[in-house]
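Dear colleague,

I am passing on the structure that follows, together with some notes on its charged side chains, its core and its surface. Please read the notes with the model open beside them.

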Amino acid sequence: MRAQELKTKTDAELKEHLLELLHEQFNLRMQKTGGQGPKPHLYKRVRRAIARVKTVMKEREGAKS
């Protein structure tokens with residue numbers, strides 16, 4: 001999801017999306033340790049998506065202050 005699309009979401013929706021991404025990251029790690037080893041590009045994609053969501057959340061927090 002692009003940062004522009006994330007900016008249109010509410011705070012609650014962002015938190016929910018962040019939890020989904022963290023859960024997905026956890027599942028990828030468990031698959032890796034279990035020997036299934038999903039495609040390596042998925043780790044990078046999820047990590048960057050988490051960073052995007054956190055960045056938008058921090059921007060909003062700074063704007064409120």
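Which side chain meets that of Lys 58 in a salt bridge? The partner is Glu 61, at 3.9 Å from N to O, where a salt bridge is taken as a side-chain nitrogen of Lys or Arg within 4 Å of a carboxyl oxygen of Asp or Glu. Lys 58 and Glu 61 are three residues apart in helix α3, so about one helical turn separates them; helices are DSSP runs (H or I, at least four residues) numbered from the N terminus. Lys 58 is exposed, with a relative accessible area of 57%, whereas Glu 61, at 48%, is partly exposed. In these notes, buried means under 20% relative accessible area, exposed means over 50%, and partly exposed lies in between (1.4 Å probe, protein chains only).

Before going further, a word on how to read the values. This is a predicted model, in which local features need pLDDT of at least 70 and side-chain atom pairs count only at pLDDT 80 or more, while totals for chains, interfaces and linings use all residues. Residues are numbered from 1 along each chain as its sequence is written, and side-chain values use heavy atoms, with hydrogens and water left out.

The structure holds four salt bridges. Among them is the pair of Arg 60 and Asp 11, whose closest N and O atoms are 2.9 Å apart; because Arg 60 lies in helix α3 and Asp 11 in helix α2, this pair ties together parts that are 49 residues apart in sequence. Asp 11 also forms a salt bridge with Lys 64, with the closest N and O atoms 3.0 Å apart, and here too the partners lie in α2 and α3, so that parts 53 residues apart in sequence are tied together. Asp 11 counts as partly exposed at 33% relative accessibility, and Lys 64 as exposed at 63%.

As for the interior, the largest nonpolar core has ten residues, namely Leu 6, Leu 14, Leu 18, Leu 21, Leu 28, Val 46, Ala 49, Ile 50, Val 53 and Val 56. Such a core is a set of buried Ala, Val, Leu, Ile, Met, Phe, Trp, Tyr and Cys residues joined through side-chain atoms within 4.5 Å. The elements that give two or more residues to this core are α2 (11–33) and α3, and α3 gives the most, with five residues.

Away from the core, Gln 25 has its place in helix α2 and counts as partly exposed at 26% relative accessibility. Gln 25 and Tyr 43 are 18 residues apart in sequence, with their C-alpha atoms 7.1 Å apart in space.

On the surface, Arg 2, Lys 44, Arg 47, Arg 48 and Arg 52 form a positive patch, for which residues must have over 30% relative accessible area and no salt bridge, with like charges joined within 9 Å. Arg 52 lies in helix α3 (residues 41–64) and is partly exposed at 34% relative accessibility. A patch of negative charge gathers Glu 13, Glu 16, Glu 20 and Glu 24, of which Glu 16 is found in helix α2.

With best wishes

Conventions: Patches are made of residues with over 30% relative accessible area and no salt bridge: like charges are joined within 9 Å, nonpolar side chains (Val, Leu, Ile, Met, Phe, Trp, Tyr) within 5 Å. Accessible areas come from the Shrake-Rupley method with a 1.4 Å probe; for residues, only the protein chains shown count as cover. Lys and Arg count as positive and Asp and Glu as negative; His and the chain ends are not counted. The place of a charge is taken as NZ of Lys, CZ of Arg, CG of Asp or CD of Glu.
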